[in-house]
Amino acid sequence: MNIEDIVGLSPVIPVLTLNDVAHAVPVARALLAGGLRVLEITLRTSVAIQCIASIRAALPAAVIGVGALTRPADFATAGQAGAQFGVSPGLTPELAAAARGARFPLLPGVMTPTDIIAARHAGYHTLKFFPAAAAGGAPMLGSLGALFPDVVFCPTGGITVANAADYLALTNVVSVAGSWIAPPDMIRAGNWEGIEALAREAATLKT
């Protein structure tokens, strides 16, 4: 699948920062049960790669992305773990070159019109808008739609259950990403039923 197909599979992509490998499969299973099959695992912890590999082995229905890829070497590491897509906060020539040699498609991040022009020149038309809330939120994305009708976005950064629907109502937004669906306190407590309920609610945000 290309990156637009992947990010379009679910209206909300949970962003997970996992500190314990034992939590990886249960939280992913809860999100899948709630109707969200596309997940992003961040590289912020020492066990992130192990978590990706565990989920891929246990839950083949899940589509696992890795973020945030900030160095060319990150692509090889993520690919070895079985990542099915990558997410970066921005796009440099070095990252674009690494992405061309990767086993998976990339969702590159942009914030300004200049960023979008550069990403589009590199061949990308499905982009992460980051940090969404700080960069102008849904009104900014609405304005960008008029300038770039051939580009679609997955905004992330400051997305919550309270504002997700505002983004998803825009014609140039295919999905949003956020961490509210699997809060760290719920993960630590093993509250898989609660996470499944949040996922089920999120899955209905765009019909």
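# Notebook: rings, cores, pocket and cavity

I began with Arg29, which at 45% relative accessibility counts as partly exposed, and I noted that this value comes from a predicted model. Arg29 lies in helix 2. I then looked up how far it is from Ile195, and found that the C-alpha atoms of Arg29 and Ile195 are separated by 9.8 Å, although the two residues are 166 places apart along the chain.

**Entry on Ala81**

Next I turned to Ala81, which is found in helix 4 and which, at 11% relative accessibility, counts as buried, because buried means under 20%. I asked myself which residues Ala81 is in contact with, leaving aside its neighbours within four places in sequence. I wrote down Ile49, Ile52, Ala53 and Arg56 as the contacts of Ala81. For Ala62, which is 19 residues from Ala81 along the chain, I found a separation of 14 Å between the C-alpha atoms.

**Entry on aromatic pairs**

How many aromatic pairs does a search of the whole structure find? I recorded two aromatic pairs. In one of them, the rings of Phe75 and Phe104 have their centres 6.1 Å apart and their planes at 5°, so I entered the pair as stacked, the word used for planes under 30 degrees apart. This pair links distant parts of the chain, for Phe75 is in helix 4 (residues 72-81), while Phe104 is in the loop between helix 5 (93-100) and strand 5 (106-107), 29 residues apart. I also checked whether they are covered, and both Phe75 and Phe104 are buried.

Phe129 and Phe153 form an aromatic pair that is edge-to-face, with 6.2 Å from centre to centre and 75° between the planes. I placed Phe129 in strand 7 (residues 126-129) and Phe153 in strand 8 (residues 152-155), so this pair ties together parts that are 24 residues apart in sequence. Phe129 has 0% relative accessibility and counts as buried, and Phe153 is buried with a relative accessible area of 0%.

**Entry on strand 7 and the loop after it**

I stayed with strand 7 and looked up Thr126, which has its place there. Is Thr126 buried or exposed? I found a relative accessible area of 4%, and so I wrote it down as buried. Not counting residues up to four places away in sequence, Thr126 touches Ile3, Glu4, Val7, Leu107, Pro108 and Val152.

A little further on I noted that the charged end of Lys128 sits over the ring of Phe130, 4.6 Å from the centre of that ring. Phe130 is also joined to Pro131 by a cis peptide bond, with omega about -10°, and Pro131 has its place in the loop between strand 7 and helix 7 (137-147). I looked up another cis peptide bond, the one from Gly67 to Ala68, for which omega is near -10°. Ala68 is found in the loop between strand 3 (63-67) and helix 4. I kept in mind that most peptide bonds are trans.

**Entry on the nonpolar cores**

The largest nonpolar core has 59 residues, and I listed Phe153, Val176 and Ile181 as those with the most contacts inside it. The largest share of this core, six residues, comes from helix 2 (residues 21-33). I followed up Val176, which touches Pro11, Val12, Ile13, Cys154, Pro155, Ile159, Ala164, Tyr167 and Leu168, not counting residues up to four places away in sequence. There is also a second, separate core of 14 residues, which includes Ile3, Ile6, Val15 and Phe85.

**Entry on the pocket and the cavity**

I then looked up the largest pocket, and recorded a volume of about 560 Å³. It is lined by 31 residues, and the closest to its centre are Val15, Leu16, Thr17, Thr42 and Arg44. Which element gives the most to the lining of the largest pocket? I found that helix 9 does, with three residues. Among the elements that each supply at least two residues of this lining are strand 1 (12-16), strand 2 (38-42) and strand 9 (176-178).

My last entry concerns enclosed space, where the count comes to one cavity of 30 Å³ or more. The largest cavity has a volume of about 50 Å³. I noted that it is lined by Ile13, Glu40, Phe85, Val87, Leu107, Lys128, Cys154, Thr156 and Ala177.

Conventions
Residues numbered from 1 in each chain as written. Predicted model: local features only at pLDDT ≥ 70, side-chain atom pairs only at ≥ 80, totals over all residues. Heavy atoms only, no water. Phe/Tyr/Trp six-rings, centres within 6.5 Å; stacked < 30°, edge-to-face > 60°. Helix = DSSP H or I, 4+ residues; strand = E, 2+ residues; numbered from the N terminus. Buried < 20%, exposed > 50% of the residue type's maximum accessible area, 1.4 Å probe, protein only. Lys NZ or Arg CZ within 6 Å of the ring centre and 35° of its normal. Core = buried A, V, L, I, M, F, W, Y, C linked by side-chain atoms within 4.5 Å. Contact = heavy atoms within 4.5 Å. 1 Å grid on protein atoms, 1.4 Å probe; cavity = no way out; pocket = protein on both sides within 12 Å on 5 of 7 lines; lining within 4 Å. Points joined across faces, edges and corners; volume = space filled by probe spheres on them.
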